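This report deals with empty space in a protein model and with the packing of one helix.

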Amino acid sequence: NRGVVEATFLMLSLATMGALALRAGPLVSRGASTRLSALQMSTFATFKTSKGDIKAELMMDKLPITCSNFADLAKTGFYDGLTFHRVIQGFMCQFGCPHSKDPKSPRAGTGGPEPGSTYTTPDGTTITRTGGNIPDELIEPISNEVGTLSMANTGMPNSGGSQIFINTKHNAFLDYFDPSTPSNHPVFGKVVDGMDVLLAIEKVPTGQGDKPIDPVTVNTIEISED
């Protein structure tokens with residue numbers, strides 16, 4: 001019966017529109033549409049280092065709190081001029097402490113963002129860095145595989161800030177969903193270009209505290225969307 005089919009189609013269409021409205025806000029809202037578009041785009045971070053470029057894709061759709069924090073710090077120049085302060089061959093390369101701008105600083109590895117500073121996620125939520133830290137985002141079982149970007153922390157809950165590390169080995173024991181250790185390091189990105197540069201950084205000679213003898217500097221991090 002054509003009338004029954006048309007009525008059924010109309011009901012399905014209305015149901016679909018209702019679901020979209022619940023997820024994205026009013027269909028006429030320009031802001032909601034912009035935020036939805038942002039969530040659908042791919043976000044990349046290009047590390048412009050003294051050894052060459054490393055390009056990584058951020059998992060913005062999966063970990064918006066963590067990725068938006070990193071992207072905001074990059075866009076505001078927080079990371080400009082910082083150095084890799086801890087490099088361990090066959091493990092990882094760590095970066096993101098503001099004190100590492102002086103590669104000889106004994107405080108390198110202890111700093112983070114300005115306490116109370118804020119940033120916004122793609123859905124418009126404002127996040128406050130309480131004490132300079134962000135909320136743990138332990139929601140996606142993505143393993144710390146080779147080439148992945150992961151949040152560094154002190155081991156305490158909600159203690160991540162600006163410091164990250166890039167895995168050069170599959171470090172499954174760092175996964176929050178690995179019950180063999182108490183480590184909780186969420187993966188929020190993966191290198192898509194420049195692995196040779198990362199491996200070159202991994203092999204630099206290091207001294208006390210695993211600091212590179214000759215500093216490896218990140219001149220800036222460029223955020224782009226595609």
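The text below takes up the pockets, then the cavities, then a helix.

The model is a predicted one. Rolling a probe the size of a water molecule over the atoms shows where empty space is left.

**Pockets**

The largest pocket has a volume of about 390 Å³. It is lined by 22 residues, and those closest to its centre are Gln94, Ala152, Asn153, Thr154 and Gln163. By class, this lining consists of 15 polar residues, six nonpolar ones and one charged one.

For the second largest pocket the volume is about 210 Å³. Its lining is made up of 13 residues, with Met60, Ser68, Lys75, Thr120 and Pro122 nearest the centre. Helix α3 (64–75) and the strands β6 (118–120) and β11 (217–225) are the elements that each give two or more residues to this lining. The largest share, four residues, is that of α3. Six residues of the lining are nonpolar, four are polar and three are charged.

**Cavities**

How many cavities of 30 Å³ or more does the model hold? The count is two. The table lists the volume and the lining classes of each.

| Cavity | Volume | Nonpolar residues | Polar residues | Charged residues |
|---|---|---|---|---|
| Largest cavity | about 50 Å³ | four | three | two |
| Second largest cavity | about 50 Å³ | six | three | one |

The largest cavity is lined by Thr66, Ile134, Pro135, Asp136, Glu137, Met151, Asn153, Gly160 and Pro186. Asn153 is one of the residues closest to the centre of the largest pocket, and Asn153 also belongs to the lining of the largest cavity.

Around the second largest cavity lie Thr83, Phe84, His85, Ser100, Pro103, Ala108, Lys211, Pro212, Pro215 and Val216. The prolines Pro103, Pro212 and Pro215 are among them.

**Helix α4**

Helix α4 spans residues 195–202, and its buried residues are Val197, Leu198, Ile201 and Glu202. Why do these residues lie on the same side of α4? They do so because the arc they cover around the axis is only 145 degrees. An α-helix has 3.6 residues a turn, so residues three or four places apart point the same way.

The buried residues of α4 pack against five strands, namely β1 (43–49), β2 (52–58), β4 (86–88), β5 (92–95) and β9 (164–167). Glu202 is one of the buried residues of this helix, alongside Val197, Leu198 and Ile201.

Conventions: Residues are numbered from 1 along each chain as its sequence is written. This is a predicted model: local features need pLDDT of at least 70, side-chain atom pairs count only at pLDDT 80 or more; totals for chains, interfaces and linings use all residues. Side-chain values use heavy atoms; hydrogens and water are left out. On a 1 Å grid over the protein atoms alone, a cavity is a set of points where a 1.4 Å probe fits but cannot get out, and a pocket is an open set with protein on both sides within 12 Å along at least five of seven lines; lining residues have an atom within 4 Å of a point. Grid points are joined across faces, edges and corners, and a volume is the space filled by probe spheres set on the points. Ala, Val, Leu, Ile, Met, Phe, Trp, Tyr, Cys and Pro count as nonpolar, Asp, Glu, Lys and Arg as charged, and the others, Gly among them, as polar. Buried means under 20% relative accessible area, exposed over 50%, partly exposed in between (1.4 Å probe, protein chains only). The arc is that of the directions from the helix axis to the C-beta atoms. Contact means heavy atoms within 4.5 Å.
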